[in-house]
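Q: Hi! Could you walk me through this one while I have it open on my screen?
A: Happy to. Let me bring it up.

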Amino acid sequence: MIHHLSPAEWRLIAPAMVGHSYRQLVGFGLVAAARMRATVETVGVFDGDRYVGLATVRIKRLPFRSGGVAYVSGGPLISGDGSPDDLRLTLQALADEYVQRRKLVLRILPPVEWALEQWHCEPVFASLGFRVARGVRPYRTIMVDLTEDEAAIRSRLHPKWRNCLSSAEREGLRVRVSTDDEDLARFGELHRELMARKGFNVDLDVDAYRCMQRMSDAEERLEVRLVEQEGVPLAGHVSSALGQSKVYLFGASTPEGNRRKASYLLQWDALTAARSRGMKWYDLGGIDPDENEGVYRFKARMNGIDVTAPGPFELLPDGGRAWVTRAAERIYRAFRRRERR
C-alpha cells in the first residue's frame with residue numbers, strides 16, 4: 001500500500017535506503033516537476049511496520065484527457081538489504097496506485113548503483129509486466145571506485161589526465177569549497193559564460209539547482225568548488241554527495257582556467273573528498289560519446305567503470321489509453337522543443 005509522506009518524514013527515512021541521491025530529493029522533484037509542468041508526490045511502501053521502498057513520483061497529465069505519465073527518476077529507493085522481495089513489493093504498490101487505480105503510464109529509471117552491485121532487477125520488473133521503455137535514453141555514466149587507496153586511483157588515471165592534474169598542482173591553485181547560495185550563483189555566471197561561448201544549453205540550469213538548494217536541509221545541499229584568482233573564479237565544479245555516491249553535476253572554466261588545468265584539480269579534489277567521507281563511488285554525471293565527444297574523453301580518461309543504469313522500465317494501463325497517452329506525449333515533447341527554441 002502507498003503512503004504519502006511529508007518532507008520531514010521523507011528526510012528521516014531516505015538516507016538509509018539503497019540508491020539515495022539528489023534525484024530523489026524532495027526539492028529536486030519539485031524543481032524538475034515545475035520544468036515539465038507536472039506535480040510531485042513523495043510516497044513510501046510498508047511491509048507491516050517496516051518501510052521497504054520510497055519514491056519521489058513526478059506526475060505529468062497530458063492534454064485533452066489523454067492520460068499521463070508517473071515518472072520515477074533514480075528510484076525507487078529500497079531498504080538497506082536491497083532484497084528482490086522488497087523491490088517486488090515496492091513496484092507492485094506503485095503499479096497498483098499509478099497504473100491500475102489512476103490509469104497512468106508508470107516509467108521508472110532505477111539508480112545506476114543497481115548495475116554496479118549486480119542487482120538482477122530485470123526479472124522482477126518483467127514478472128510484474130514492466131518492459132524496457134522505447135524512445136527513452138538510459139542513464140549511462142562513468143563511475144570511479146573509491147574503495148581503493150588514493151595512490152591506486154591516481155595511478156589508474158590516463159597518463160595525459162594525470163599529467164594535467166600534476167600541472168595544475170604545480171600552479172599552486174587553491175580550491176575553495178562551499179554550500180552557500182552566493183557561491184552557487186557565482187558558479188552560475190561562470191557556467192552561463194561557458195554555454196554562450198560553446199553554444200550549448202541544458203535542461204535544468206544552475207538557477208534551477210539554486211531553487212533546489214534553498215529547499216534542502218544542510219546535509220542535502222550541493223557542494224560548490226571554486227578556483228579563484230584575486231577573488232575572480234577561474235573554474236568551478238558542482239556536485240552532490242548523498243548515500244554511496246558523489247555525483248558530478250556541473251563544471252565550467254574560463255580560458256585562463258583551461259590554460260592552468262583547473263578543472264583537473266577540481267575533479268580530483270571532489271573525488272578525494274568523497275573518498276575521505278567513506279563514499280563508495282564517484283559518478284561523473286553522464287556521458288554521451290556521440291554528441292559530446294570532448295567531455296566524454298575527459299571523463300573516460302579517469303578510467304572508471306563505463307556503466308548504464310537498468311531500464312528505463314515502463315508499465316502501461318490496459319486498453320487503448322496507453323496508445324493515446326504515447327501519442328499525446330510525442331506531440332507534447334515536440335511542442336516543448338519548439339517552445340524552448
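A: One term before we start: buried means under 20% relative accessible area, exposed means over 50%, and partly exposed is in between. Also keep in mind that this is a predicted model.

Q: Thanks. Where does arginine 37 fall, then, and what is its relative accessible area?
A: Arginine 37 has a relative accessible area of 47%, so it counts as partly exposed. You'll find it in the loop between α2 (26–35) and β2 (39–47).

Q: And what is its phi?
A: Phi of arginine 37 is positive, about 55°, although the residue is not a glycine.

Q: Which other non-glycine residue should I look at for a positive phi?
A: Take a look at lysine 261, where phi is near 60°. Lysine 261 sits in the loop between α10 (255–259) and α11 (262–276). With a relative accessible area of 28%, lysine 261 is partly exposed.

Q: Back to α2 for a second. How many of its residues are buried?
A: Seven of the 10, so α2 is largely enclosed by the rest of the structure. The buried ones are Val26, Gly27, Phe28, Gly29, Val31, Ala32 and Ala33.

Q: What do those buried residues pack against?
A: Their partners are α1, β2, β3 (50–61) and α9 (206–214). Phe28, one of the buried residues of α2, also belongs to a cluster linked by ring pairs, together with Tyr22, Phe187, Tyr209 and Phe250.

Q: Speaking of rings, how many aromatic pairs are there in the whole structure?
A: A search of the whole structure finds 12. One of them is phenylalanine 125 with phenylalanine 313, a stacked pair at 4.0 Å centre to centre with 15° between the planes.

Q: Which elements does that pair connect?
A: Phenylalanine 125 is in helix α5 (residues 122–127) and phenylalanine 313 is in strand β15 (residues 313–315), so the pair ties together parts that are 188 residues apart in sequence. Both phenylalanine 125 and phenylalanine 313 are buried.

Q: Got a tilted pair to show me as well? Which residues form it?
A: Tryptophan 161 and phenylalanine 298 do, at 5.7 Å centre to centre and with 45° between the planes. Tryptophan 161 belongs to helix α7 (residues 159–170) and phenylalanine 298 to helix α12 (residues 293–300), so this pair ties together parts that are 137 residues apart in sequence. Tryptophan 161 and phenylalanine 298 are buried.

Q: Changing topic: where are there cis peptide bonds?
A: Glycine 75 and proline 76 are joined by one, with omega about 0°. Proline 76 is in the loop between β4 (68–73) and β5 (77–78). Another cis bond joins glycine 311 and proline 312, and omega is about 0° there too. Proline 312 lies in the loop between β14 (305–308) and β15.

Q: Since β4 came up, what about serine 73, buried or exposed?
A: Serine 73 is buried, with a relative accessible area of 9%. This serine lies in strand β4. Beyond its neighbours within four places in sequence, serine 73 is in contact with Arg23, Gln24, Arg58 and Leu109.

Q: And serine 6, where is that?
A: Serine 6 is in the loop between β1 (2–4) and α1 (7–13). Its relative accessible area is 30%, so serine 6 is partly exposed. From serine 6 to arginine 101 the distance is 22 Å, C-alpha to C-alpha, with their positions 95 residues apart in sequence.

Q: Okay, zooming out. How many helices and strands does the chain have?
A: There are 13 helices and 15 strands. The C-alpha atoms fill a box of roughly 65 × 45 × 35 Å along the principal axes.

Q: What does the radius of gyration come to?
A: The chain has 21 Å, which agrees with the value near 20 Å for a compact globule of 341 residues. Of those 341 residues, 53% count as buried.

Q: How about long-range contacts and charges?
A: Among contacts with a separation of 6 or more, residues 24 or more positions apart account for 74%. As for charges, the chain has 52 positive and 45 negative side chains, and the centres of the two sets lie 7 Å apart.

Q: Last one: what is the accessible surface?
A: About 16000 Å², and 49% of that belongs to carbon and sulfur atoms.

Note on methods. Residues numbered from 1 in each chain as written. Predicted model: local features only at pLDDT ≥ 70, side-chain atom pairs only at ≥ 80, totals over all residues. Heavy atoms only, no water. Helix = DSSP H or I, 4+ residues; strand = E, 2+ residues; numbered from the N terminus. Rg over C-alpha atoms; globule rule 2.2 N^0.38 Å. Buried < 20%, exposed > 50% of the residue type's maximum accessible area, 1.4 Å probe, protein only. Contact = heavy atoms within 4.5 Å. Areas by Shrake-Rupley, 256 points an atom, 1.4 Å probe, with all protein chains shown as cover. Lys, Arg positive; Asp, Glu negative; His and termini not counted. Charge placed at Lys NZ, Arg CZ, Asp CG, Glu CD. Phe/Tyr/Trp six-rings, centres within 6.5 Å; stacked < 30°, edge-to-face > 60°.
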